[in-house]
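Here's a quick briefing to read alongside the model. It goes from the pocket to the overall fold, then to the cores and a handful of residues worth a look.

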Amino acid sequence: MLCFLIVFVGCWISGIAENIHMTKVFILPIEPGMFNWTLQGATDQFSYRPSLLNAPDLPPWIHYVYSDRHQTGFLYGVPPQQHDDVELEIVGLNRKNYETRRRVVHMNVQEKPDPAKHEVQMKIDNLNVEDMFDSYRLNRLLDVFRCELWRESESDLYVTFLASAVHLGARHPLRPNEGEGVVLRIGSRAQFSVALVKLQDEVKPLWKRGSCPRDFKRTTVERLFRDEGFVLDWCAFRLVEASSSSLHQHFPAGPDLESPADHRPLSLGQEDFWIRPSKSQVPQRSYVSEFVYTIMIPMLVMIILVLILSLILCFHHEGMNTITVESVNKVRCLYRSKRNKETPAVQMVQYTAVHRATNTLRSLSSQRQVPNPPSDQCSTTVSRSRTASPSSSLPQTSTPRMSVECNTYYRPHPPPYTGPTHSRADF
């Protein structure tokens, strides 16, 4: 008995078992109590790293998010059809003393009895995916359908899909305090109500937009969701029906509701939805053609232009000089002839008179020029003037006559004055 108790306690400490159902969203919280830790007030005291046992990461249908508001990590997802059991390894780290502990969680995948055959797909803009982990908030959303829009599903309504809108390809909101958006589906075996069919007909014209801005369109049932704190994107509202084997969608989903793996609309029961391509399946792109187009072709054109310009400069250099000189002479001749034609006759007469007077003055000035006196005469005159009175203490200066004699030109005598002559007849 003691041995059995020891084995049972050891299995409970080392491993935890969880039962999850196909086609239904499971939520597994990861709290400090799972590792026998006590939260001491710091929100970032503990961190967790979940993965498959003996593997580096989680399977593609299980997601992990840590909520600072709840101070708890959450594992959530939907098991695919005909999936085997999985074992998860969760490693916890106490950042205060760097203590690590390990737990193994056994996920028993079970087939859900009476799975849903009809689903309602919607997108909530003002919430994050961690907000839907609050059971009270999630039940308020389900009550809107149970009590108002889809009363036939009161007995078996449950969530069949849950994911972040950003994870499915939507953009982050412009304001950081706004929610990223949540895409979810709720399903039941009951037929769609008349209210849901009318609601789909009302929002059907919006499907061509794919995704609408926030508060873009409000419907007749808007108040039912606003009163409970939900802001829906009616461009993503769909009613999904089921076939005998799997669920399919009558209308195409918008771009925000496509799978990031294979870019196909979300549909429950498709196992290949969760399969992502491997590295060998990703097509490889060759950059040789881009390199040729962007570098080689411009370089080839530039080399051809340089060669043509070099040939022109080498073989036509002399001819270009001759042509240039002749062109300059022709331009000068044309300019002169044009100037002569455009100059008036009166201006030409004035120019001729001025030119003639200038020549006359130049001839008269050349007649007044006298050769310079001998240099020895000037020096003798200067020396005599300096030694004329050796006893005088005043400085000796040259006289005007001396300066005039030594200059190149003699000052001419003024012409005789000739007054006006008047005859007696004038008086």
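A pocket here is an open set of grid points where a 1.4 Å probe fits, with protein on both sides within 12 Å along at least five of seven lines. Keep in mind that this is a predicted model. With that said, the largest pocket holds about 370 Å³ of space.

**The largest pocket**
- Its lining runs to 16 residues, and Arg171, His172, Pro173, Cys212 and Arg214 sit closest to the centre.
- Sorted by type, that lining has eight charged residues, five nonpolar and three polar.

**The chain as a whole**
- The secondary structure adds up to nine helices and 12 strands.
- Of the 427 residues in the chain, 31% are buried.
- Take the contacts with a separation of 6 or more: 70% of them join residues 24 or more positions apart.
- The chain has an accessible surface of about 29,000 Å², and carbon and sulfur atoms account for 57% of that.

**The nonpolar cores**
- The largest nonpolar core has 42 residues, and the ones touching the most other members are Val120, Phe145 and Phe225.
- At least two residues of this core come from each of strand 5 (72-77), strand 8 (118-124), helix 2 (135-149), strand 9 (158-164), strand 10, helix 3 (194-203) and helix 4 (222-226).
- Helix 2 gives the largest share, with six residues.
- There's also a second, separate core of 20 residues, with Trp61, Leu88, Ile90 and Val105 among them.
- Back to Phe225: once neighbours within four places in sequence are set aside, its contacts are Leu141, Val144, Phe145, Leu149, Phe230, Leu232 and Trp234.

**Isoleucine 186**
- You'll find isoleucine 186 in strand 10, which covers residues 182-188.
- Its relative accessibility is 0%, so isoleucine 186 counts as buried.
- Tyrosine 158 is 28 residues away in sequence, yet its C-alpha lies 5.5 Å from that of isoleucine 186.
- Beyond neighbours within four places in sequence, isoleucine 186 has contacts that include His118, Glu119, Val120 and Met122, along with Leu142, Phe145 and Trp150.
- Leu157, Tyr158, Val159 and Thr160 are also among the contacts of isoleucine 186.

**Two positive phi values**
- For background, most residues other than glycine have a negative phi.
- Threonine 23 isn't a glycine, but its phi is positive, at about 65°.
- Threonine 23 sits in the loop between strand 1 (15-21) and strand 2 (26-30).
- Threonine 23 counts as buried because its relative accessibility is 5%, under the 20% cut-off.
- Glutamine 71 is another non-glycine residue with a positive phi, near 55°.
- Look for glutamine 71 in the loop between strand 4 (62-67) and strand 5.
- Glutamine 71 has a relative accessible area of 21%, so it counts as partly exposed.

**Aspartate 233**
- Aspartate 233 belongs to the loop between helix 4 and strand 11 (238-242).
- Even in a loop, aspartate 233 counts as buried, at 5% relative accessibility.
- Its C-alpha is 7.9 Å from that of aspartate 215, with the two residues 18 apart along the chain.
- Not counting residues up to four places away in sequence, aspartate 233 touches Lys123, Asp125, Ser211 and Cys212.
- Cys212 ties back to the start of this briefing, as one of the residues closest to the centre of the largest pocket.

How values were computed:
Residues are numbered from 1 along each chain as its sequence is written. This is a predicted model: local features need pLDDT of at least 70, side-chain atom pairs count only at pLDDT 80 or more; totals for chains, interfaces and linings use all residues. Side-chain values use heavy atoms; hydrogens and water are left out. On a 1 Å grid over the protein atoms alone, a cavity is a set of points where a 1.4 Å probe fits but cannot get out, and a pocket is an open set with protein on both sides within 12 Å along at least five of seven lines; lining residues have an atom within 4 Å of a point. Grid points are joined across faces, edges and corners, and a volume is the space filled by probe spheres set on the points. Ala, Val, Leu, Ile, Met, Phe, Trp, Tyr, Cys and Pro count as nonpolar, Asp, Glu, Lys and Arg as charged, and the others, Gly among them, as polar. Helices (H or I, at least four residues) and strands (E, at least two) are DSSP runs, numbered from the N terminus. Buried means under 20% relative accessible area, exposed over 50%, partly exposed in between (1.4 Å probe, protein chains only). Contact means heavy atoms within 4.5 Å. Accessible areas come from the Shrake-Rupley method with a 1.4 Å probe; for residues, only the protein chains shown count as cover. A nonpolar core is a set of buried Ala, Val, Leu, Ile, Met, Phe, Trp, Tyr and Cys residues joined through side-chain atoms within 4.5 Å.
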